[in-house]
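Okay, thanks for squeezing me in. I'll put the structure up and then talk you through what I got out of it.

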2 protein chains.
Amino acid sequence: MSTKVLSIRDIAAKANVSITTVSFILNGKAVERNISKAVIERVEEIVKADGYKPNQIARSLRTGNSQIIGLIVEDISNPFFAGIARLLEDKAYKKGYKIIYSSTENQAGKTRELINLFKSRQVDAYIIAPAQGAEKDIESIISDGKPVVLFDRYLPELDVNYVGIDNYDASYQAVKHFIGEGKRHPALVTVDLDIQQIQEREDGFTAGLREAGIEDSAAVVLKVPFANTREQTIVLLEELFKQRPDVDSVLFATNYLAISGLLAIKNTNKIINKDLSVIAYDDGDIFKLHTPQISALAQPVEEIADAIIRKIFQELSATTEKTIERTILPVQLIVR
Amino acid sequence: MSTKVLSIRDIAAKANVSITTVSFILNGKAVERNISKAVIERVEEIVKADGYKPNQIARSLRTGNSQIIGLIVEDISNPFFAGIARLLEDKAYKKGYKIIYSSTENQAGKTRELINLFKSRQVDAYIIAPAQGAEKDIESIISDGKPVVLFDRYLPELDVNYVGIDNYDASYQAVKHFIGEGKRHPALVTVDLDIQQIQEREDGFTAGLREAGIEDSAAVVLKVPFANTREQTIVLLEELFKQRPDVDSVLFATNYLAISGLLAIKNTNKIINKDLSVIAYDDGDIFKLHTPQISALAQPVEEIADAIIRKIFQELSATTEKTIERTILPVQLIVR
DNA sequence: CTGAAAGCGCTTACAG
DNA sequence: CTGAAAGCGCTTACAG
């Protein structure tokens with residue numbers, strides 16, 4: 001039943017040459033090795049006819065690289081990460097690289113396991129939206145000399161490539177928009193993670209308020225526990241709207257918080273755009289389709305994916321010293 | 001800069017034993033090999049202290065398996081596939097397996113490349129939502145003796161495990177619901193792919209109409225080209241609603257068609273639930289959040305993932321003859 | 001123009 | 001209770 005898989009040895013035998021010759025032909029070094037046209041053609045024909053594919057495992061063991069890039073995100077089913085993953089996959093594919101990905105659920109332990117897994121699979125480069133606490137593990141791959149690009153979340157202690165957005169400015173834009181609409185009581189609904197990016201989203205928010213002459217003490221900031229189920233979050237938000245009826249605008253710091261928030265608002269008697277302005281981080285179909293449509297801080301996903309891939313391949317082909325690059329991309333407020 | 005990676009040889013040297021002994025200890029065969037407690041402890045301590053991880057590439061080359069399952073879907077950024085991927089990832093992880101995934105964009109050529117890639121990486125099993133035309137390639141992995149489970153799409157010519165839903169009955173339920181609401185002119189918006197699953201969705205629809213005494217000739221079925229951009233699809237749908245003002249209910253055969261459809265309906269003067277009943281295949285946040293909420297044919301994703309994983313691991317541990325299993329799960333119409 | 005041989009880091013049948 | 005050695009399928013420095 002299990003058909004025998006061909007090896008380079010089989011091809012060499014069929015073609016009456018050594019495996020060395022076959023290997024050189026397969027790796028495009030036939031010309032530089034002055035292998036005769038006749039032999040090249042003979043071997044290529046046999047390879048094609050038999051559908052021979054070199055065993056990448058053996059090749060990896062020998063060469064130490066794998067043509068695989070490891071991608072580590074918090075949750076691949078989050079549309080933002082799924083979208084980035086898809087873009088990275090396309091772009092890497094065109095250069096002959098594959099992406100393998102896995103979710104960490106924002107646990108440093110799981111991140112460590114994944115990094116170890118990827119290490120033991122000899123991935124050639126890493127793209128990581130890191131969980132807090134993963135610093136040591138990330139350092140270890142950097143010191144292995146592998147290209148590493150962090151995105152979405154930044155680890156300040158680490159001297160490493162990063163592609164992200166200007167979270168501070170994004171939140172600031174959002175508040176400015178609220179104030180421009182005459183709102184005086186904006187709220188921020190964020191997550192209780194101690195992540196630089198999340199902190200920046202809050203800082204931009206409070207800075208915007210301060211500029212508008214609204215005191216810090218008047219600011220409404222709700223930090224939703226990361227581990228909450230959606231149902232728990234909805235209850236929490238309903239409570240917020242009940243206790244603070246003066247809130248006239250809300251900025252949601254993540255797309256899933258915005259979704260919970262919209263569901264919570266449905267259960268109140270607040271009417272969006274009349275009683276309450278809403279802006280969500282990350283754009284998506286869901287905000288376009290909502291009635292009314294929801295304004296969003298759209299991350300430039302295409303540019304993010306481009307910047308990541310560019311840096312990865314720059315380092316993969318680097319002969320010279322690597323330079324750390326931090327790319328901060330602007331976010332566009334889409335008003336609807 | 002690049003710290004030296006440890007090998008089993010280094011550990012053996014440090015512990016003053018042979019690599020054979022280290023290997024047996026690492027693979028939990030220390031007891032059956034009667035290795036002394038002292039040696040076991042010494043080796044384990046060194047392994048731990050040095051953070052040694054066996055090179056999986058070498059292990060794969062030697063054993064012929066990889067503890068990796070390959071997942072091939074049409075588009076990982078589609079929420080249905082992203083959700084399934086995440087569930088499979090969790091379930092496989094618990095059994096010590098990793099999932100690697102890639103998107104085919106429904107092209108047989110890309111499917112072939114991916115299968116070849118996975119083959120050359122020696123994945124242990126395959127989970128595939130197959131594109132039409134991939135039959136030969138799938139046959140080749142089956143004849144390699146690897147476990148294969150298809151899902152979402154079925155290839156009738158192939159004698160292979162499958163996990164799917166009862167598409168015929170789902171569409172039939174939807175039509176029945178429309179008729180129960182007094183609708184007499186249901187439309188089906190589907191895709192022009194020649195896939196069994198899509199055909200079944202149409203067959204259930206027309207069967208429901210026929211049962212209600214509505215003639216085939218009166219049925220409105222729009223087949224949207226697969227390659228359409230969203231904008232093209234929206235134009236097409238607006239055209240449909242203009243030309244067939246009698247349509248009083250619509251079943252969308254995929255989640256992305258429903259999204260385009262809802263956007264198109266926004267541009268007409270039709271009011272959902274008043275002028276037009278809507279049911280979408282695949283449930284999601286987007287339908288829950290829409291105003292009004294949209295009824296959906298919810299695929300039992302958890303059950304689908306469970307059935308796939310169960311079959312995969314059953315075959316991976318199979319000592320006896322494998323039996324082909326086809327699991328068809330019921331779909332629930334969620335009326336909103 | 002071409003090949004024999006070493007070696008990547010493991011596992012395991014065999015021997016003692 | 002433990003180890004020497006073969007071999008998985010490649011790549012490549014070296015030799016001719």
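I'll go from the domains to the two protein copies, and then to the DNA.

One thing up front: this is a predicted model.

So, chain A. It splits into domain 1, residues 8–54, then domain 2, which is 66–164 + 302–329, and domain 3, 167–298. Notice that domain 2 of chain A is written as two stretches. If you take the centres over C-alpha atoms, domain 2 and domain 3 of chain A sit 30 Å apart. Where they touch, domain 2 of chain A puts in ten residues and domain 3 of chain A puts in nine. And what is the side of domain 2 that touches domain 3 in chain A made of? Four nonpolar residues, four polar and two charged.

Next, the copies. A turn of 180 degrees, with a shift of 0.0 Å along the axis, lays chain B on chain A with an RMSD of 0.1 Å. The two are therefore related as by a two-fold rotation axis. Both copies use the same surface, too: 100% of the contact residues of chain B turn up again in chain A.

Last bit, the DNA. How many residues surround DNA strand D? There are 26, and the closest are Ile8(A), Ser23(A), Asn55(A), Ala58(A) and Ser18(B). The elements giving two or more residues to that surface are α2 (19–26) and α4 (56–63) of chain A, plus α2 (19–26) and α4 (56–63) of chain B. By class, the surface near strand D has eleven nonpolar residues, eleven polar and four charged.

That's me done, happy to go back to any of it.

How values were computed
Residues numbered from 1 in each chain as written. Chains lettered and ligands numbered in written order. Predicted model: local features only at pLDDT ≥ 70, side-chain atom pairs only at ≥ 80, totals over all residues. Near = placed C-beta within 6 Å. Helix = DSSP H or I, 4+ residues; strand = E, 2+ residues; numbered from the N terminus. Nonpolar A, V, L, I, M, F, W, Y, C, P; charged D, E, K, R; others polar. Domains from an automatic or database assignment. Contact = placed C-beta atoms within 7 Å. Least-squares fit on C-alpha atoms with pLDDT ≥ 70 in both.
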